[in-house]
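Biologist: Please show me the model, and then let us go through it by question and answer.

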Amino acid sequence: MPVERASGGTSLIDVLDRVLDKGIVIDAWVRVSLVGIDLLTVEARVVVASIDTYLKYSEAVGQAAPASKPLAEGKSHDELLAENVSLRAQLAEAKERVPRRRGLRS
Amino acid sequence: MPRAQKVRNRAVGASPPRRALRPASNRPAAARGLGKYVYCVIQSSKPQTFGPIGLGAQPAPVHTVHHRDIAAVVSDTQIQLHDPTRENVLAHERVNETVMRKFTVIPMSFGTVFKTEADIEELLRSAYEAFREVLAKMADKLEFGVKVLWDRDEMVRQIEAEEEEVRWLRKQISSERGSTYLARMQHGRLIDRALQSRSERYLGEIFERLRDVSVASRVNKPIGDRMIVNAAFLVSRDKEAAFSARLEDLGTRYPHLTFKFTGPWPPYNFVNIRLKLERAREATP
């Protein structure tokens, strides 16, 4: 079967790829430092730093990246590398927490 | 979080676990040291419930917190850092997928906990315009993931069969007369270039075939050297079947490529709302 179909939440890697830093994101340090965002008692307010929606059909030409070429999609190669490192760390951590008898499905 | 819950690592999937709920306590959540974990933002003026499908060893009941006509989908949770464990991450996704069946969602990134409902109302109030704008843009659209993999060795064999110069160099190398260094370098360069141009051609053709059944697409960096396409497509709900059929066509057309098709997902790849918090005092000098 050349086309493998799976519903969204069946591959941990696909899920991690989406949920960690996409969608609505609130400043990382706040999450780490406050642990439970508390707006009212500390008199903080929410500021929208940026809104991006991507509603264009990307032109595939020149976008191909076999093997090693980084893609120009707003992030620099270094940023992507840094992101990779953090994703790998989190993935390793996640793997460790999974009981041995179940492997990762991807 | 008690470690015992890790043992109960459920099979992954959309179906909510069947578990008897503990009798609901009438005390307010904050009084029990609980905060609210936020999964996504939807448009709804009426309170909604989605059942016991949230984070936690006993999956928490998922409900909504409202401001005007928008709502955050939340569940009670211990106020703590939630590690992106398999169980937690999949619970986050499970809630989004469940809510998505009835609503357009703007997904929240993993691990966002507020202290109280009032804090969430404040969030909804402050970013109301942004949420409304994005909800309108994403209305009735779903994300699908498409990954395309090839067998690199098989592609190299094809290239060697089809391209005379590559074949000639290969012969030079295997004849092993004198130094083969330059021949090997050149062979490698030609193979790389040929792989690159083939992968670009596939990418172009695949995107062209999916263009009229989708609204938008994004190309992510391929993972590993077997992957040539790692993309996300935004598709109208009413085009879902057409999109899926088109992918089946592609699978038939390119039997030597492997297509991995996932979704529907919340539109993670098509929305990025960055919020920051400011101390009110700092904001007014």
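**Domains, core and a helix pair**

Modeller: This is a predicted model. In chain B, the domain assignment gives domain 1 (29-139) and domain 2 (143-270).

Biologist: How many residues of domain 1 of chain B are in contact with domain 2 of chain B, and how do they divide by class?

Modeller: The C-alpha centres of the two domains of chain B lie 38 Å apart. Contact involves six residues of domain 1 and five residues of domain 2. On the domain 1 side, α2 (86-100) and β5 (105-107) of chain B each supply at least two residues. The six residues of domain 1 divide into five nonpolar, one polar and no charged.

Biologist: Which strand of chain B gives the most to the largest nonpolar core?

Modeller: The largest nonpolar core has 81 residues, and B:C40, B:A72 and B:F233 are among those with the most contacts inside it. This core draws at least three residues from each of domain 1 and domain 2 of chain B. With eight residues, the strand that gives the most is β9 (residues 227-236) of chain B.

Biologist: What is the handedness of the crossing between α7(B) and α8(B)?

Modeller: The axes of helix α7 (residues 181-210) and helix α8 (residues 240-253) of chain B come within 10 Å and cross at roughly 150 degrees. B:I206, B:R209 and B:L210 in α7(B) meet B:F243, B:R246 and B:L250 in α8(B). That contact has four nonpolar, no polar and two charged residues. The crossing of α7(B) past α8(B) is right-handed.

Conventions
Residues numbered from 1 in each chain as written. Chains lettered and ligands numbered in written order. Predicted model: local features only at pLDDT ≥ 70, side-chain atom pairs only at ≥ 80, totals over all residues. Axes fitted to C-alpha atoms, helices over the stretch in contact; angles between N-to-C directions. Helix = DSSP H or I, 4+ residues; strand = E, 2+ residues; numbered from the N terminus. Left-handed = near helix turned anticlockwise from the far one by under 90°. Contact = placed C-beta atoms within 7 Å. Nonpolar A, V, L, I, M, F, W, Y, C, P; charged D, E, K, R; others polar. Core = buried A, V, L, I, M, F, W, Y, C linked by C-beta atoms within 7 Å. Buried ≥ 20, exposed ≤ 12 C-beta atoms within 10 Å, placed from the backbone. Domains from an automatic or database assignment.
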